[in-house]
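Morning, everyone. Let me put the model up, and then we'll walk through a few parts of it.

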Amino acid sequence: MSTGAKEDNSIDVAIGAALRQLRQGMGWSASELATKAGISAAMVSRIENGQVSPSISSLCALSAALDVPLVSLFRETANSHADYTLVRAGEGVVSTRISQGHSHEFVNLAVHSRRDLQFEARRVTLTRQEAQPPTYVGHGVVYLHVLEGSAIYRYGGEDFTLSPGDSLSVDAELNHGFVEVLTEAFTFLSVQAERR
């Protein structure tokens, strides 16, 4: 077997492994994926086992059925490296944001960028002030988990009183943000993810 043939086979195996992980992540059988993609279950099995070099049309049908970008099927082949961020307790990059007379502190816990995804995690502390905290409009999804204190969060026309242990996730495309801090300080974890 030539070196080129070995490389082609390793790509097929990597595509198959990515497809299997994505399918299992959806909780689907190979047969269910095949039905949704409009290809045979035998072909799905052969692709997952690295036995064939799938056509672009098959890969497009599979990615559409899984509702993932086509590049997701190549994720095991694209890079020979992967980045990670480990932040120990009490560490992180501390920043202060000032907006319309309001200031608050946040600690960047993770910022991760890939070709297809932007991910940020922060621990944010708001203090009760005369100026109202800023509101935001963005892309992707925002997840909040309250660590300490209480505050009122507005999403579109809805107000939510959040207390320790509460979690909230919202689409970032609609106006959102805190309108009132009810305790002296309010600390929460904020995670935002969006496709790039």
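Start with strand 3, residues 117–127, and strand 9, residues 185–195: they pair in the antiparallel sense over 11 bridges. Pairing here needs at least two DSSP bridges between two strands. Strands (E, at least two residues) and helices (H or I, at least four) are DSSP runs, numbered from the N terminus. One bridge to look at: Phe-119 has Ala-193 in strand 9 as its partner.

A word on the source. This is a predicted model: local features need pLDDT of at least 70, side-chain atom pairs count only at pLDDT 80 or more, and totals for chains, interfaces and linings use all residues. Residues are numbered from 1 along each chain as its sequence is written, and side-chain values use heavy atoms, leaving out hydrogens and water.

Now the whole sheet. It is open, with six strands in the order 1-2-3-9-4-7, and the pairing is antiparallel. Strand 1 (93–99) and strand 7 (167–171) are the edges, each pairing on one side only.

Next, the loop between strand 3 and strand 4 (141–148). Tyr-136 is found there. Is Tyr-136 buried or exposed? Neither: it counts as partly exposed, because its relative accessibility is 33%. The cut-offs are under 20% relative accessible area for buried, over 50% for exposed, and partly exposed in between, with a 1.4 Å probe and protein chains only. Leaving aside residues up to four places away in sequence, Tyr-136 touches Arg-97, His-104, Leu-174, Asn-175 and His-176. Contact means heavy atoms within 4.5 Å. The C-alpha atoms of Tyr-136 and Glu-173 are separated by 8.7 Å, at 37 residues apart along the chain.
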